[in-house]
Each structure stands twice: as structure tokens, then as C-alpha cells.
Amino acid sequence: MIYIYQKIIFIENQRRVTGGSQFAEMDQIQHKFVDVRGGLKLHLADIGSGPNVVVFLHGFPEIWYTWRHQMIAVANAGFRAIAPDYRGYGLSDTPAEPEKASFADIITDLLAILDALGLDKVFLIAKDFGARPAYLFAIFHPERVLGVVTMGVPHIPPGPSTYHKYLPEGFYISRWQEPGRAEADFGRFDAKTVVRNIYILFSRSEVPIAAENQEIMDLVDPSTPLPPWFTEEDLAAYGALYEKSGFRTALQVPYRSFGEDLKLPDPTVRVPALLIMGVKDYVLKFPGIEDYITSGKVKELVPDLEIIYLPEGTHFVHEQSPDEVNQLILSFVGKHV
């Protein structure tokens with residue numbers, strides 16, 4: 001782990017030298033570890049010292065580093081920013097049995113992090129599948145949450161995924177839920193290439209669907225360039241972390257845990273919330289999702305919800321348009337602090 005940590009610091013330093021003042025602040029981010037259930041140590045990135053705290057929850061194929069732009073922005077605005085790697089992700093320990101990891105673990109771990117750091121109430125900012133534990137934590141522990149901001153995914157009550165009923169067999173989630181299939185697909189490449197391919201796929205406006213005789217990784221031509229807002233240095237940081245963690249836990253949570261029964265007493269979120277959606281986000285092509293959001297039905301479960309669309313936004317709006325997203329986050333937390 002020491003080697004991987006030093007490798008990430010080296011990448012950050014290289015980017016700081018070549019990237020100007022924006023990245024000179026990366027060296028102010030502190031890296032800590034918190035003990036959680038199961039004898040695991042979870043890695044946290046931490047910057048800022050303000051009395052109000054913003055906790056960032058990543059999606060897939062991401063780790064804490066995905067929030068680099070937002071962490072610096074909120075810290076500069078007087079907040080403390082914390083971004084954990086989930087168990088089995090990044091620099092955090094991998095559970096002894098990754099196939100038993102669950103969304104409940106993320107919720108329990110988040111509570112342990114807040115308690116360990118002595119944080120009474122926080123804002124939760126989440127992306128992709130991180131939206132689920134963010135909203136669930138707000139339901140189970142509303143007294144610990146000042147507000148929730150999610151990107152790319154609205155609040156959907158937990159339950160088995162039904163998208164496979166309306167999409168072809170090659171739908172990427174269906175493929176990744178199949179034990180062993182994604183492992184074999186990803187195993188043909190190094191971790192950096194897997195992350196590269198997924199970033200390219202998820203930056204498109206169409207749902208990734210493979211043909212019957214094709215695997216998901218085959219949907220990306222090796223000559224396809226990275227999105228312009230995602231550099232080779234960024235990819236190196238991700239690659240180094242997934243090189244350490246592998247993908248076993250990441251395939252379990254989220255993809256193989258969507259049907260988890262969390263025994264919610266009431267699926268309603270009763271804290272202020274903001275949903276940021278890119279108009280070009282492929283998630284809007286999931287059956288029923290766009291109507292669920294635009295019809296206002298989503299507000300039945302999140303009554304105090306504001307929805308903002310970014311016309312050119314993809315699934316990675318926070319990395320694609322960091323200045324715009326940062327302002328939306330700061331405006332939201334400023335109203336609800």
C-alpha cells in the first residue's frame with residue numbers, strides 16, 4: 001500500500017508542476033485512515049478546516065480522486081471536504097469476502113467515519129451509484145445530514161433492477177451482474193485500460209450494450225481518445241488505485257447488490273436535495289428514468305428537491321464542467337448551512 005500511495009502522490013506532484021495553480025492545491029489534501037467494522041481501514045482524502053463539512057461519495061469506476069476539483073473548491077470557500085474510498089476501492093482495505101460486500105456496508109462505514117472524526121452533521125455529495133448510499137444514509141440518519149446533492153442518478157427506492165426486462169441481453173449491468181463474466185472481460189487488460197474504456201463508454205450518450213458475441217470492453221476501439229477533460233495523468237491516478245484494489249468489490253457493489261433488502265421503514269428523503277443531470281448523460285436513456293425525473297414523480301420521494309440540467313453534461317459532469325458544478329454545490333450548501 002505504501003508503494004501505491006507514493007505513486008499517487010508522484011502523479012499528483014507531476015500534475016501540479018504541469019497544471020498550474022489549480023493543481024498546486026492538490027498537495028494540501030491530507031490522506032488518513034479510519035477503522036471500521038470487520039477490522040478494515042478506510043482511506044479518506046481530507047482538505048479544509050471550516051466548521052461545516054462536505055462528504056463526497058464516488059461512483060464507478062471512480063475513487064476519491066474523482067472529486068479533486070470539488071474538494072479544493074469547497075475548501076477554498078471555507079468548508080472541510082472529505083472523500084472516502086469505499087471498502088474494496090482505492091487505498092481502502094478490501095473485505096475478506098468481497099462477494100459479501102453490500103450497500104449496507106457503505107452506510108455503516110459512513111456512520112463510522114462521521115463518528116471517528118467527531119462530525120455531527122454533514123452535506124453529502126454523490127455521483128453515480130454513490131447516490132444510493134447518500135439518500136439511504138439521509139433516510140436512516142436524517143439528524144446527521146444537512147442536505148444531499150447527487151449527479152447522474154436520482155433517488156430510486158431500493159429493489160431488484162428491472163432494466164434487463166426492457167433492454168437487450170448485452171446491457172452492461174446485466175453482463176456485470178453475471179458472476180465471472182466481467183472478471184473474464186476485464187482480466188484481458190490491465191486496470192488502467194479497463195478504467196479508460198469505462199470512462200469512454202460512460203461519457204457517451206447511449207447506454208452501453210454489447211452484441212451477443214461481444215464483451216463490454218470490446219465496445220471501445222483502442223484508438224479512441226479519452227474525453228478532453230480527462231487527462232492521461234488522471235487516468236494514471238485511477239489506474240494505480242485499481243491496480244491495488246482490483247475490481248472484485250466494485251463489481252459486487254454496486255452491480256451485484258442492487259436487489260439488497262435494506263428494510264426501509266419509509267423511502268422518503270426529508271432533507272434538502274439537489275439533483276444535477278447532464279442532458280447528454282446516458283442514464284437518461286434507461287427505461288423510464290427521464291420521465292421519472294421530468295414528470296416530477298421523483299419529488300414524491302424527495303419533496304424538497306431541486307433539479308438542474310446541464311445542456312452539454314454527460315455522466316461525469318463534475319469532471320467535465322467543474323467550475324459550473326462547483327458553483328451549484330456552493331450555492332446549495334450556502335443556502336442550507
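These questions and answers go through a predicted model, from its pockets and cavities to one helix and one annotated stretch.

Student: How much space lies in the largest pocket, and which residues are closest to its centre?

Tutor: The space in the largest pocket comes to about 690 Å³. Its lining is made of 31 residues. The closest of these to the centre are R132, I156, Y163, F286 and I289.

Student: Which helix supplies the largest share of the lining of the largest pocket?

Tutor: Helix 5 (131-140), helix 6 (172-177), helix 10 (248-255) and helix 11 (289-294) each give at least two residues to this lining. The largest share is 4 residues, and the helix that supplies it is helix 5.

Student: How many residues of the lining of the largest pocket are nonpolar, polar and charged?

Tutor: The classes cover the residues that line the largest pocket. Charged residues number 3 and polar ones 6, while the nonpolar count is 22.

Student: How many cavities of 30 Å³ or more are found, and what volume has the largest cavity?

Tutor: Searching the whole structure gives 3 cavities of 30 Å³ or more. For the largest cavity, the volume is about 60 Å³.

Student: Which helix supplies the largest share of the lining of the largest cavity?

Tutor: The residues that line the largest cavity are L42, L57, P84, D85, Y86, I106, D109, L110 and I113. By class, 7 are nonpolar, 2 are charged and none is polar. The largest share of this lining, 4 residues, comes from helix 4 (residues 103-117).

Student: What distance should the 15 residues of helix 13 span, and how far apart are its end C-alpha atoms?

Tutor: Helix 13 covers residues 322-336, and the expected rise is 1.5 Å a residue. The span is 1.5 Å times one less than the number of residues, so the 15 residues should span 21 Å. This agrees with the end C-alpha atoms of helix 13, which are 21 Å apart.

Student: Which residues of helix 13 are buried, and which are exposed on the other side?

Tutor: Buried here means under 20% relative accessible area, and exposed means over 50%. The buried residues of helix 13 are P322, V325, N326, L328, I329, F332 and V333. They lie on the same side of helix 13, because the arc they cover around the axis is only 160°. Exposed on the other side are D323, Q327 and K335.

Student: What does UniProt list for residues 52-282, and how far apart are the end C-alpha atoms?

Tutor: An unreviewed UniProt entry lists residues 52-282 as "domain: AB hydrolase-1". Over this stretch the chain is 35% helix and 13% strand. The end C-alpha atoms of residues 52-282 are apart by 33 Å.

Methods: Residues are numbered from 1 along each chain as its sequence is written. This is a predicted model: local features need pLDDT of at least 70, side-chain atom pairs count only at pLDDT 80 or more; totals for chains, interfaces and linings use all residues. Side-chain values use heavy atoms; hydrogens and water are left out. On a 1 Å grid over the protein atoms alone, a cavity is a set of points where a 1.4 Å probe fits but cannot get out, and a pocket is an open set with protein on both sides within 12 Å along at least five of seven lines; lining residues have an atom within 4 Å of a point. Grid points are joined across faces, edges and corners, and a volume is the space filled by probe spheres set on the points. Ala, Val, Leu, Ile, Met, Phe, Trp, Tyr, Cys and Pro count as nonpolar, Asp, Glu, Lys and Arg as charged, and the others, Gly among them, as polar. Buried means under 20% relative accessible area, exposed over 50%, partly exposed in between (1.4 Å probe, protein chains only). The arc is that of the directions from the helix axis to the C-beta atoms. UniProt positions are given in the numbering used here, feature names are shortened, and annotations may be inferred rather than shown by experiment.
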